[in-house]
Structures are given as structure tokens and as C-alpha cells.
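Here are some short exercises to work through with the model open beside you. Try each task before reading its solution.

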Amino acid sequence: MPYRYLRRTGDTKYHYVHNVGAGNKNIFRSARDFERFIKKIQDYTQTENRVRIIAYCLTSNSYHLILEEIELGATAQLIHLLSVSYAMYFYARYKELGHLFRGPYKESQIENDDELIKQISTLHAMPLRQKISPDKYRWSSYTDYL
């Protein structure tokens, strides 16, 4: 399967990437699921060193990542590896079939530093929707920033 490449409109290297469970189903059902996803993305980014994690927030039915692309096309390859790896884990663990994600991941460029700061703040505020303080939410990079 070929990788998707975002059509670049500038020389920005920051990207907001997210996806949701098919039919809004939960793609993370336990602490083990969240931990597995976080560990995989850390492993891939540290091993390959072509994409850097700037911020992340996982909810029960979605993931949200802000990434710095060091090598052109590396974000698409990272998300492909992560999606396939996590889907295989999920289906083996829960004995389910069908699509795990709603569709292809969504990606947008972050054009400047002000937009980057705004995106990071918005991402870290996501737990507030569930009435959870960001500093108490385990599945976000917010505490890393503190």
C-alpha cells in the first residue's frame, strides 16, 4: 500500500495528525491499549529519528498527534506503521474484525510558531471535555510540558 503524502503549501515541518475509531467505537479500551500505542509511537520515532513527537493526546475513541517531520514523507510512513501495528494488536486482543479507524488519518500543516503553540494548547485541553484536569490525565503529553 503506498503512503499518503500531504501536499505541501510551504516549508513547514510541523503537522497535526488525528484519526477516530470507525463508527466512533473505542480504539483504546484499557490502560494497556493506551500504553501500547504510546510505546509504539515512541519506539518508531526514537528508532527511525525521522519524525519527532511534539505533543499527543489519546482519548478512548481517537488519537491526536503533533509531529515534527525531519525527513520528507516520514510522517506518512510513521502513521502507516503505527496504524497497521496497532490494528493488528487490537484485533488479536479483542478478537474483532472490520475497520478499526473511520478512514485514512487526517493531517494538516502547522504554518508558524503561534499556530504551533495554539495547537499544542488545544490538544492538551482535550481532557477538559471529559471534565478531567489535564494534569491528572495520563494519556497526554501535558505533564511532560509541566
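**Exercise 1: The surroundings of Arg50**

Task: list the residues that Arg50 touches, not counting residues up to four places away in sequence.

Solution. The list runs Thr45, Glu68, Glu69, Ile70, Glu71, Ala74 and Gln77. Keep in mind that this is a predicted model.

Next, place the residue: Arg50 sits in the loop between helix H1 (31-48) and strand S2 (51-59). Is Arg50 buried or exposed? The cut-off for buried is under 20% relative accessible area. Arg50 comes out at 18% relative accessibility, so it counts as buried.

Finally, take a distance across the model. Arg50 and Tyr105 are 55 residues apart along the chain, and their C-alpha atoms are separated by 19 Å.

**Exercise 2: Two residues of strand S1**

Task: work out how His15 and Asn19 sit in strand S1, and find a polar partner for each of them.

Solution. Start with His15, which is found in strand S1 (residues 14-20). Its relative accessibility is 0%, so His15 counts as buried. Now look at the side chain: His15 and Glu107 are joined, side chain to side chain, by a polar contact of 3.4 Å.

Move on to Asn19, also found in strand S1. With a relative accessible area of 5%, Asn19 is buried because the cut-off is under 20%. Here the polar partner is a backbone atom: the Asn19 side chain reaches the backbone oxygen of Gly103 at 2.9 Å.

To fill in the rest, leave aside the neighbours of Asn19 within four places in sequence. Its contacts then include Asn61, Ser62 and Tyr63, along with Phe101, Arg102, Gly103, Pro104 and Tyr105.

**Exercise 3: Strand S3 and its partners**

Task: find which strands pair with S3, and decide how enclosed S3 is.

Solution. Take the pairings one by one. S1 and S3 run antiparallel and pair over seven bridges. For a concrete example, Tyr16 has Ile66 as its bridge partner in S3.

On to S2, which pairs with S3 in the antiparallel sense over eight bridges. Here you can pick out Leu58, whose bridge partner in S3 is Tyr63. S2 is also joined to S3 by a hairpin, through two residues.

Now for burial. Eight of the eight residues of S3 (residues 62-69) are buried, so the strand is largely enclosed by the rest of the structure. Check the faces separately: Ser62, His64, Ile66 and Glu68 cover one side, with Tyr63, Leu65, Leu67 and Glu69 on the other, and all are buried.

**Exercise 4: Stepping back to the whole protein**

Task: describe the overall fold, then decide how compact the protein is for 146 residues.

Solution. Count the elements to begin with: there are four helices and four strands. Along the sequence they follow the pattern β-α-β-β-α-β-α-α. The radius of gyration is 15 Å, close to the 15 Å that the globule rule gives for 146 residues, so the protein is as compact as a globular protein of that length.

For the outer dimensions, the C-alpha atoms fill a box of roughly 45 × 40 × 30 Å along the principal axes. Buried residues make up 45% of the 146.

What about the contacts? Among those between residues at least 6 apart in sequence, 73% join residues at least 24 apart. Last comes the surface: the protein exposes about 8400 Å², with carbon and sulfur atoms supplying 52% of it.

Note on methods:
Residues numbered from 1 in each chain as written. Predicted model: local features only at pLDDT ≥ 70, side-chain atom pairs only at ≥ 80, totals over all residues. Heavy atoms only, no water. Buried < 20%, exposed > 50% of the residue type's maximum accessible area, 1.4 Å probe, protein only. Polar contact = N/O pair within 3.5 Å; in protein donor to acceptor, adjacent residues only side chain to side chain. Contact = heavy atoms within 4.5 Å. Pairing = 2+ DSSP bridges. Rg over C-alpha atoms; globule rule 2.2 N^0.38 Å. Areas by Shrake-Rupley, 256 points an atom, 1.4 Å probe, with all protein chains shown as cover.
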